[in-house]
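Colleague: Hi, have you got a minute to walk me through this model? Put it up on the screen and I'll fire away.

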Amino acid sequence: MNQATSDILILEEGQELPKEIKYPPRKPKWYDTFKYIANPEQFCRQNLDNYGPIFNTGVFGGETIFVGTAKAIKMVFNGDSNYTEIALPETTMEMFGEYSLFQRPDLHRDRKNALAIGLTGRALEGYIPNINTIILAGLEHWSKIETLPLYSSVEEICFNVLTPLLLGIKLDDNDTAIFSGLPLSTKRELKEVYQTYFNGFYGLLKWKSPLTAYGRGLAARSKLIKFMEAVINKRRQEKNIDPTRDFLSMMLVSQQENPNGVFSDSLIANQCLLQLWASLYEISSLVASVIYQLGKYQEIREKLRLEQTKIIGKYNHHHQFLPEHLRKMSLLEATIKETLRTLPPSSTANRRLTKSVVVDGVLYPKGSTMIAEPRLAHIMPEYFEQPEIFAPERFLPPRNEDQSYQFIPFGGGVHACLGAQMAMTVTKIFISHVLSKFDWQLIGKPSFVQFPLKKIKDNYRIKLVHQR
Ligand code: HEM
């Protein structure tokens, strides 16, 4: 029997194909993976120009269909347990480990709901004063620098913000007591192990050896799990843990209250590892990209300063930096969104079809992999007026171009990003302070790391001008 929604026809085994269907154009090519990984934006743009927003490729082996239309993206985002399964490369799945949200569709909803309590809403609002204080302290160091290595300086501050927010510990290399009982003894060491873990994602050679990025990444993963276990043991010795203080506290208290619930010891350690990983690189690259984009547009910086003055006064009284302030920063929010549109950090939703489906007369055959690509959707003039122009106002009324399944930096559907609110909150606070303390000029054009997510390379510097 057919299962059809207004947009999607799901074909059951043996069912006859409807008449007049088309297949996605383009034959997979042996070099597709390399071309995509080397420059995903160029790969998407060239194929969009040649074949349109839906095309077949050989990316990551087999048949991988890239989709950029809203209807097809909607189909990809909403197929879980019905007609799709997660289709990340095997190496990536091992790097995530068995307690990531991608591994167990049957436990996904319960785990996601439980984790969301410590990463969104009220809990996140409660973290704001801390985020604020740590960013301000970090920016003090920027005041002493004239040409700033952009990404690494942002990452340093984000690391200091995110370790207390997620793990409830403040790592300070001058305070050796903090590291006692932990298997790593400096922040630098921890960051280096994280970097090796990061590099292991999308290591394409599935050979577990110190000679491969993947092998080194897996070894780093084990070290990080040991580190997280030691942090958890240390935190467990605290009396009266306040579940609203940080993400780990929330998980520990929830486990105490319900020992047979979602939060097993292994899940807690793995979630500490994964959420620090996701947030550190995703948020640092977003903040660095916003600073870079604003470096190009003096007039937008000025408009943002006017908005800041209206909301928080001429000088930012950081102790009174409240959730309402952040909610009112609509131009800043639109500017962050425009940065995510123009420099999306990653593709979304690698899914394999467990049944054939038809959308808009195009057949997506069972067994093929689908990638929903912001690098296609975000440059389509059907969805974004003059997509080549950096225009934050497209995300404000009356334009409101951030429509579901068209603006997709955080994915969508069941696997929509759990950290989107946190990314927005930290980025708003960071940029708000940078705008009030500095002006800046770009020095040339940066190059970008492209995988596993797009970020400005470490060697790129900007010139800082101290405002006040
Ligand atoms: C600029 C910041 C970020 C971007 C662009 C981003 C992007 C994404 C995307 C595209 C997905 C969907 C993947 C898919 O459908 O296969 C996703 C999922 C996810 N993200 Fe993020 N992310 C960001 C920040 C964060 C942060 C800060 C956290 C955690 C604190 C986080 C945690 C997660 C989790 C747990 C999922 C999986 C959700 C699920 O499977 O249900 N992300 N993210």
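Colleague: What order do the strands take in the open sheet of three?

Modeller: The order is 6-14-11, with antiparallel pairing. Strands (E, at least two residues) and helices (H or I, at least four) are DSSP runs numbered from the N terminus, and two strands pair if DSSP finds at least two bridges between them. Before we go on: this is a predicted model, where local features need pLDDT of at least 70 and side-chain atom pairs count only at pLDDT 80 or more, while totals for chains, interfaces and linings use all residues. Residues are numbered from 1 along each chain as its sequence is written.

Colleague: Thanks. Which strands stand at the edges of that sheet?

Modeller: Strand 6 (147-149) and strand 11 (438-442) do; each has a single partner strand, so one side of each is left without a neighbour in the sheet. From one strand to the next, the twist averages 40°. Angles run from 0 to 180 degrees between N-to-C directions, with axes being lines fitted to C-alpha atoms, for helices over the stretch in contact.

Colleague: And how many bridges join strand 6 to strand 14?

Modeller: Three, with strand 14 covering residues 461-466. L148 stands opposite I462 there. Helix 7 (residues 150-167) lies across strand 6 and strand 14, at about 65° to strand 6. Contact, here and below, takes C-beta atoms, placed from the backbone, within 7 Å.

Colleague: New topic: which residues come nearest to the ligand?

Modeller: S279, E282, G411, C417 and G419, out of 23 around the ligand. To be near, a residue needs its C-beta atom, placed from the backbone, within 6 Å.

Colleague: Where does the largest share of the shell around the ligand come from?

Modeller: From helix 12, with six residues. Helix 12 (265-296), strand 7 (348-353) and helix 17 (420-437) each supply at least two. By class the shell has 14 nonpolar, seven polar and two charged residues. Nonpolar means Ala, Val, Leu, Ile, Met, Phe, Trp, Tyr, Cys and Pro; charged means Asp, Glu, Lys and Arg; the others, Gly among them, are polar.

Colleague: You mentioned strand 7. How many of the six residues of strand 7 are buried?

Modeller: Five, so strand 7 is largely enclosed by the rest of the structure. Buried means 20 or more other C-beta atoms, placed from the backbone, within 10 Å of the residue's own (exposed is 12 or fewer, partly exposed in between).

Colleague: Which sheet of five strands is that in, order-wise?

Modeller: An open sheet with the order 3-4-10-7-5 and mixed pairing. Strand 7 is antiparallel to strand 10 (residues 369-372), over four bridges, with T348 partnered by A372. On the other hand, strand 5 (residues 84-86) pairs antiparallel with strand 7 over three bridges, and I86 stands opposite R351.

Colleague: Back to helix 17: at what angle do helix 13 and helix 17 pack?

Modeller: About 105°, with the axes 10 Å apart; helix 13 is residues 298-312. That makes the two roughly perpendicular, a label for 65 to 115 degrees (under 35 is roughly parallel, over 145 roughly antiparallel, the rest oblique). R301, L304, R305 and Q308 of helix 13 meet S432, L435 and S436 of helix 17.

Colleague: Last one: is Q406 buried or exposed?

Modeller: Buried, with 21 other C-beta atoms within 10 Å. Q406 lies in the loop between helix 16 (374-377) and helix 17. Not counting residues up to four places away in sequence, Q406 touches A70, A377 and Y383.

Conventions. Contact = placed C-beta atoms within 7 Å.
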